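Grab a pencil and have a go at these short exercises. Try each task by yourself before you read the steps underneath.

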Amino acid sequence: MSEAPIDLSALLAEAAARGARYLEGLDGRRVFPDEAARAGLADLMAPLADDPADPEEILALLDRVGSPATVASTGGRYFGFVTGGTLPAALAANMLATAWDQNAAFEVMSPAAAAIETAAAAMVLDVLGLPAEAAVGFGSGATMANFTGLAAARHALLTNAGWDVEEQGLFGAPPIEVVVGGEVHASLLKALQLLGLGRSRVVRVAVDGQGRICADMLPPLSATTILCLQAGNVNTGALDPFASVVPLAKAAGAWVHVDGAFGLWMLASPKLRALADGVEAADSWAVDGHKWLNVPYDSGLAIVRDPAALRAAMAASAAYLVDGGPRDGANYVPELSRRARGIDIWAALRSLGRRGTADLVERGVSLAGRFAARLRAEGCDILNEVVGNQVLVSFGEAEHTRRVIAAIQRDGTCWCGGTVWQGRTAMRISVSSWATTEADIDRSAAAVVRLARATN
Ligand SMILES: *Cc1c(COP(=O)(O)O)cnc(C)c1O
């Protein structure tokens, strides 16, 4: 350590001030950093020094070199992937919670983290209208939330088949069939891969032009089937027809898991909720905090109707692990030690309330509709029904569409990525940030149209 005592108040105030300046400057800068800013990152690559350095100088270097090289994805004109910004209340709570540095593995390690996550879990179930008895685990994102929900499914189905998968593993176990839609998200396949259920041994069900599973194409389902449905296709935003599929699956004794990374938040809106009608009858759900709820990275929620199945799948046992607290976080997610991610979610939902959460989601949908309408009016081809916050745009031939996307990414007014949707090359627009305004949409749409016209 250096000789002089560290002035902690000054240091943290400096970090907060630099953070605020960064956020206030986002509107005036390129969304994707230019080459000079990216080249500047070399200044952070110095090898390990022999001697300690001053924290304020480290912070200043990080801000001077790092800030200009960041992608302004927390601003209002980033439409890539499905990327939320950060609500002010969630950001501030996250900063305080970082100072707390609580370990949310066990209640005895942090009664505060356990209590706040208990409260956050109840608010999440309430605002989504999911069963109040369900268990909620706070993990790193929808990939691990899918993993967690599917681990509970694996436990429940194999227990019913007389097999203890947690003790015995999968070698020699009765087979489980996994049924997915043809447009299953890559992260769900990754979760199956990690669980020993295999990416390729799934049965893929045909989907319609929006990527929704075709209910009449389902294979026979049984008490050894995990049926994976989707609320929010990553390209079209479409939701599976839960009301016609979930009751069939439940009647057959199957486990229904829903990947609702962003789309599940549509349940928070009384106006949009009907699109997900029937989803509440599933057994497990995965949803992100860091996408549409707009809490800082990283954050995802695994929700499981039967808390005992989740606990059995996630519980670790070791003599020093104190059991029986009202909420030991380690029994809900794969991690033992972890940050108390539920605090950000608690703060976000406290600040939004029921109405604000509905408004956040409705605004995303309405702004996506506005973007689509602007582009359609200028002759662009919109490939999807814009029911949610996703828009797929074609500028004609695949190669031309790719060149337009590249031009948009170079221009820096906004950022959109590319995809191939059912054989057609397209640009993806995802409106997922609380910070996006109508002016952001109009400015971005104007840039897209200008660049599409200028590209040949
Ligand atoms: C983003 C996404 C995921 C993966 O979520 P992460 O938070 O990145 O792990 C899974 N499914 C869908 C539909 C998604 O959009």
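**Exercise 1: the overall build**

This protein has 13 helices and 11 strands. Keep in mind that you're looking at a predicted model.

Task: work out how the radius of gyration of the protein compares with what the globule rule gives for 456 residues.

Solution:
- Step 1. Start with the radius of gyration, which is 23 Å.
- Step 2. Now take the globule rule, which gives 23 Å for 456 residues.
- Step 3. The two values are close, so the protein is as compact as a globular protein of that length.
- Step 4. For a feel of the dimensions, the C-alpha trace spans about 65 × 60 × 45 Å along its principal axes.

**Exercise 2: a helix that falls short**

Task: find out how far apart the end C-alpha atoms of helix H11 (residues 342–377) are, and how that compares with a straight helix.

Solution:
- Step 1. Helix H11 has 36 residues, and at 1.5 Å a residue a straight helix would reach 52 Å.
- Step 2. In the model, the end C-alpha atoms of H11 are only 43 Å apart, short of that span.
- Step 3. Look along H11 for a bend: there's a kink of about 95 degrees, centred on Gly353.
- Step 4. Keep going just past H11 and you'll meet Gly379, with a positive phi of about 95 degrees.

**Exercise 3: around the ligand**

Task: say how many residues surround the ligand, and which are the closest.

Solution:
- Step 1. Count the residues with a heavy atom within 4 Å of the ligand: there are 13.
- Step 2. Pick out the closest, which are Thr143, Asp259, Asp288, His290 and Lys291.
- Step 3. Sort the shell by class to get four nonpolar, six polar and three charged residues.
- Step 4. Check the polar contacts. An N or O atom in the side chain of Thr143 is 2.6 Å from an oxygen atom of the ligand. Asp288 has a polar side-chain atom 2.7 Å from a ligand oxygen, and a polar side-chain atom of His290 also lies 2.7 Å from an oxygen atom of the ligand.
- Step 5. Finish with the cover: the ligand alone exposes 390 Å², and the protein buries 85% of that.

**Exercise 4: backbone oddities**

Task: is the peptide bond from Tyr297 to Asp298 cis or trans, and where does Asp101 lie?

Solution:
- Step 1. Omega from Tyr297 to Asp298 is near -10 degrees, and the bond is cis.
- Step 2. Place Asp298 on the map: it's in the loop between strand S6 (284–288) and strand S7 (300–304).
- Step 3. Asp101 sits in the loop between helix H4 (88–100) and helix H5 (111–128).
- Step 4. Asp101 isn't a glycine, yet its phi is positive, about 55 degrees.

Conventions
Residues numbered from 1 in each chain as written. Predicted model: local features only at pLDDT ≥ 70, side-chain atom pairs only at ≥ 80, totals over all residues. Heavy atoms only, no water. Helix = DSSP H or I, 4+ residues; strand = E, 2+ residues; numbered from the N terminus. Expected span 1.5 Å × (residues − 1). Bend = angle between axes of the 7 residues up to and from the residue. Polar contact = N/O pair within 3.5 Å; in protein donor to acceptor, adjacent residues only side chain to side chain. Areas by Shrake-Rupley, 256 points an atom, 1.4 Å probe, with all protein chains shown as cover. Nonpolar A, V, L, I, M, F, W, Y, C, P; charged D, E, K, R; others polar. Rg over C-alpha atoms; globule rule 2.2 N^0.38 Å.
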